[in-house]
Amino acid sequence: MDKFQNVLRFFMNQKATIGYSFMALLTIGGERVFSMVSFQCPCNHDQNFAYGITFLLGPAAVLLVLGLFFSARLWRLYTGCCLNPMKLCPRGRCFGCVRVLMSIFTGACVAPIMWLSVALLNGTFYECAVSGLNDNLVVDLFCKNKTMKCREELARVPCGRSKLTEEDRMDLLLMFRAQSQILGWWIIIIAATFGLIGTCYTNCRSQVSYLQLTFWKRYVEKEREHFDTYSVEYASKLAERNLKSFFENKDPELFPFPNHKAWEEISTLYTFSRSEQYYSTLHHYVERVDRDFAPEKRPVMDMEHGIEMT
């Protein structure tokens with residue numbers, strides 16, 4: 001039993017690494033499926049570039065949008081800011097909002113960067129896109145010291161239907177693939193370098209020690225887990241209380257529940273301060289001496305937003 005708990009604890013501690021590894025495997029698998037099943041280069045000057053660049057950048061754009069769409073931090077920051085823009089800058093600290101937005105965007109860029117890296121290392125989409133360029137500099141680069149037939153047949157090279165000799169065709173394919181793989185490795189190197197620089201800068205500017213920062217991250221994870229558990233539990237109790245009142249045709253029992261103002265306060269951005277060492281907005285709220293203990297009086301459904309408000 002102890003060994004099982006140690007193994008489970010190890011996997012829990014490596015959630016981020018396992019998650020990124022799983023994402024990488026999905027990206028590689030998705031790229032291979034796109035290459036073998038969906039991708040068919042048209043092999044003509046008019047469509048090659050648009051077709052190849054769409055397959056190269058299109059999935060990356062979709063992954064970026066999905067990464068932002070499924071970011072809980074983004075929706076926590078954005079929800080209600082149209083009605084109350086000051087939620088983005090609590091206490092006038094707009095830099096904290098910008099920093100959080102950058103962190104959210106950086107996290108959402110992980111999957112697109114993985115896709116671009118894998119797609120470029122494979123080279124299929126790049127070959128199709130570049131072979132359709134009509135720019136003289138590009139054509140001169142690939143067809144240098146070759147006949148005019150190279151310029152005419154360049155768009156058909158990725159399909160194997162060109163009238164060039166097999167040797168010339170293989171030379172062009174190897175050149176396409178080499179350029180694609182160089183770009184792929186440069187993206188990996190630049191992303192890794194910026195990731196290292198960003199981590200070093202964040203840790204260097206940290207107001208707490210490494211051990212306290214580790215504890216802080218663990219606390220935030222556990223608070224989120226317990227919040228989800230308590231949310232399900234209290235939602236179930238409230239639903240049971242309301243249904244019981246309806247079917248038994250009597251007034252509902254008193255139900256302690258945070259008021260609207262309390263929900264707003266624990267949903268704001270949290271910025272660490274040495275003078276007030278709290279680990280989250282919830283922690284800061286429950287430790288306040290002027291905390292408002294007035295419960296929600298009468299839940300009313302707001303039809304526009306579908307939320308309960310006083």
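This briefing covers the overall make-up, the nonpolar cores, one helix pair and three buried residues of the structure above. The model is predicted. Its chain has 310 residues, of which 26% count as buried. The secondary structure comes to 13 helices and 2 strands.

**Overall make-up**

- Take the contacts between residues at least 6 apart in sequence: 62% of them join residues at least 24 apart.
- Helix α7 spans residues 124-131. It is largely enclosed by the rest of the structure, because 7 of its 8 residues are buried.
- The buried residues of α7 are F125, Y126, E127, C128, A129, V130 and S131.

**Nonpolar cores**

- The largest nonpolar core holds 24 residues. Within this core, F125, L172 and F176 touch the most other members.
- Several helices each supply at least two residues of this core: α3 (48-69), α6 (110-122), α7 (124-131), α8 (136-142) and α10 (166-204).
- Another core lies apart from the largest one and has 5 residues. Among them are L74, L77, C97 and V100.
- What does F176 contact, leaving aside its neighbours within four places in sequence? The partners are Y126, E127, V130, S131, F142, L154 and V157.
- Of these partners of F176, Y126, E127, V130 and S131 are among the buried residues of α7.

**The α6 and α7 pair**

- Two packed helices are described by the angle between their axes and the distance between the axes.
- The axes of α6 and α7 are 5 Å apart, and the helices pack at an angle of about 75 degrees.
- Angles of 65 to 115 degrees count as roughly perpendicular, so α6 and α7 are roughly perpendicular to each other.
- On the α6 side, the residues that meet α7 are W115, A119, L120 and N122. On the α7 side, they are T124, F125 and Y126.
- The residues of this contact divide into 5 nonpolar, 2 polar and no charged.
- F125 has two roles here. It meets α6 in the helix pair, and it is one of the residues that touch the most other members of the largest core.

**E127, in helix α7**

- E127 lies in helix α7. Why does E127 count as buried? Its relative accessibility is 5%, and buried means under 20%.
- The side chain of E127 makes a polar contact with the side chain of R177, at 2.6 Å.
- Not counting residues up to four places away in sequence, E127 touches P158, L173, F176 and R177.

**R169, in helix α10**

- R169 is found in helix α10. At 16% relative accessibility, R169 also counts as buried.
- Which backbone oxygen does the side chain of R169 reach? The side chain reaches that of V157, at 3.4 Å.
- V157 is also one of the residues in contact with R169, leaving aside neighbours within four places in sequence. The other contacts of R169 are C159, G160 and S162.
- V157 appears among the contacts of F176 as well.

**N259, in a loop**

- Where is N259 placed? N259 sits in the loop between α11 (210-247) and α12 (260-266).
- N259 has 10% relative accessibility and therefore counts as buried.
- A polar atom of the N259 side chain lies 2.8 Å from the backbone nitrogen of A262.

Technical notes:
Residues are numbered from 1 along each chain as its sequence is written. This is a predicted model: local features need pLDDT of at least 70, side-chain atom pairs count only at pLDDT 80 or more; totals for chains, interfaces and linings use all residues. Side-chain values use heavy atoms; hydrogens and water are left out. A nonpolar core is a set of buried Ala, Val, Leu, Ile, Met, Phe, Trp, Tyr and Cys residues joined through side-chain atoms within 4.5 Å. Buried means under 20% relative accessible area, exposed over 50%, partly exposed in between (1.4 Å probe, protein chains only). Helices (H or I, at least four residues) and strands (E, at least two) are DSSP runs, numbered from the N terminus. Contact means heavy atoms within 4.5 Å. Axes are lines fitted to C-alpha atoms, for helices over the stretch in contact, and angles run from 0 to 180 degrees between N-to-C directions. Angles under 35 degrees count as roughly parallel, over 145 as roughly antiparallel, 65 to 115 as roughly perpendicular and the rest as oblique. Ala, Val, Leu, Ile, Met, Phe, Trp, Tyr, Cys and Pro count as nonpolar, Asp, Glu, Lys and Arg as charged, and the others, Gly among them, as polar. A polar contact is a pair of N or O atoms within 3.5 Å; within protein, one must be able to donate a hydrogen and the other to accept it, and residues adjacent in sequence count only if both atoms are side-chain atoms.
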